[in-house]
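Hi everyone, thanks for making time this morning. I'd like to walk you through one chain, starting from the inside and working outwards.

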Amino acid sequence: SIRCPLSGCNYIVTRDIFQKCLENDINSLRIFNKCLMRNFTDSNSDLKLCPNPKCDIIVALPGHGMVEIKCNCGYLFCFKCLRESHRPCDCDMVEFWENKTKSEGENAKWLVVNTKQCPNCHKYIEKNQGCNHMTCRKNVGGCGYEFCWICLGEWKPHGSSYFECKKYNPTEVDKQKEKMRQNIKYELERYANYYDSYSQEAKNLKLAEKLNDRIEKFKTSLEKEKNQPHLELVFFDEALQTVIDCHRILKNTYIYGYFMKDSYITLYTHHQDLLRKEADLLHELLELDELPRILAITVLNDFNKEFSIYKGRIRSLLSAITKFKESILVDIENHPD
């Protein structure tokens, strides 16, 4: 029910009018129709438009206990928040993590931990060496003032005491500030550790998703050149989907781990390591040049032998990964601390 934007006109612009105006602009018409569908699904809690930008399918919630949904287009998402599937994390964890990675507050914390202000001009200075003799460099906008990193006093009275400050006599307030600074530093380092692992798995996930075209070319070559039945090659699809699922789950386990209590972290990281190790091995089997080597074998019996070994290695990994993947997810659900 959109009204004509012309001042004083109350005419309702109907769907038919939009479609007539946009009939020669297929992309705009598709966007309009998708907006109509989204408007419809927003008013129905049991229906959602698939969040995959390339998909126009409306998905119905199969049961109120389910959250993770796989659309017919293959996209796996959370029905509640419409983000990409984030199991084993809940929606609040993922939202907090996303906000944290975007937050300017993290930059402020880094400044607190790694820099101090020049006592003269108050510009932030980073200490990148062990010596406590600091100079506020003029060539980067500073004032040239020389001071002690520890007590922030003028440097001249310190003489040659480059690695210690004998003039520093901290007050109780100073001690509290230093304690707070150390706590912030610990949290920053802890967050950075989890974020590095999270980023690596996110990168691995993108690399795995790009393998699809390469795998399809191999399957076509195996069918045409080696007369391999199509049904005998579906293990490739299962292997690739498993690798994608593992990297997505592992990525999210680092978010979950960040919130986890220390009492449970050892067992949790052990399960993570098991899943990551097997997933990486399977990923390598799909990425490496082993398949081109096998395809190049001209003697049929030799080819069948090598391909059978390759297939067996993949199926063995699939079996192990299924066990480890379910183990870490079920374990988290049974220990929600």
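Let's begin at Phe236. Setting aside residues up to four places away in sequence, Phe236 touches Ile215, Lys219, Leu222, Leu286, Leu291, Phe307 and Tyr310. Please keep in mind that this is a predicted model.

Where does that put Phe236 in the wider picture? The largest nonpolar core has 52 residues, and Phe236 is among those with the most contacts inside it, along with Leu286, Phe307, Tyr310 and Ile314. So which helices feed this core? At least two residues each come from H3, H5 (172-209), H6 (212-226), H7 (234-259), H8 (262-287), H9 (290-295) and H10 (300-334). H7 gives the largest share, with 13 residues. There is also a second, separate core, made of eight residues, and Val59, Cys71, Phe77 and Phe79 are included in it.

Now let me pick out one residue of helix H3, which covers residues 91-102: Phe96. Is Phe96 buried, partly exposed or exposed? Its relative accessibility is 42%, and buried would need under 20% while exposed would need over 50%, so Phe96 counts as partly exposed. Beyond its neighbours within four places in sequence, Phe96 is in contact with Tyr258 and Phe259. As for Cys151, that residue lies 55 residues from Phe96 along the chain, and their C-alpha atoms are separated by 37 Å.

Let's zoom out to the whole chain. We have 10 helices and 10 strands here. How spread out is the chain? For 337 residues the globule rule gives 20 Å, but the radius of gyration is 29 Å, well over that value, so the chain is more spread out than a compact globule. If you are setting up a box in your head, the C-alpha trace spans about 85 × 80 × 45 Å along its principal axes.

What about burial and surface? Of the 337 residues, 34% count as buried. The chain exposes about 21000 Å², and carbon and sulfur atoms supply 51% of that area.

For those of you who like contact maps: taking contacts between residues at least 6 apart in sequence, 53% join residues at least 24 apart.

And finally, charges. The chain carries 49 positive and 48 negative charges, and their mean positions are 5 Å apart.

That's my tour, and I'm happy to go back to any part of it.

Conventions: Residues numbered from 1 in each chain as written. Predicted model: local features only at pLDDT ≥ 70, side-chain atom pairs only at ≥ 80, totals over all residues. Heavy atoms only, no water. Helix = DSSP H or I, 4+ residues; strand = E, 2+ residues; numbered from the N terminus. Rg over C-alpha atoms; globule rule 2.2 N^0.38 Å. Buried < 20%, exposed > 50% of the residue type's maximum accessible area, 1.4 Å probe, protein only. Contact = heavy atoms within 4.5 Å. Areas by Shrake-Rupley, 256 points an atom, 1.4 Å probe, with all protein chains shown as cover. Lys, Arg positive; Asp, Glu negative; His and termini not counted. Charge placed at Lys NZ, Arg CZ, Asp CG, Glu CD. Core = buried A, V, L, I, M, F, W, Y, C linked by side-chain atoms within 4.5 Å.
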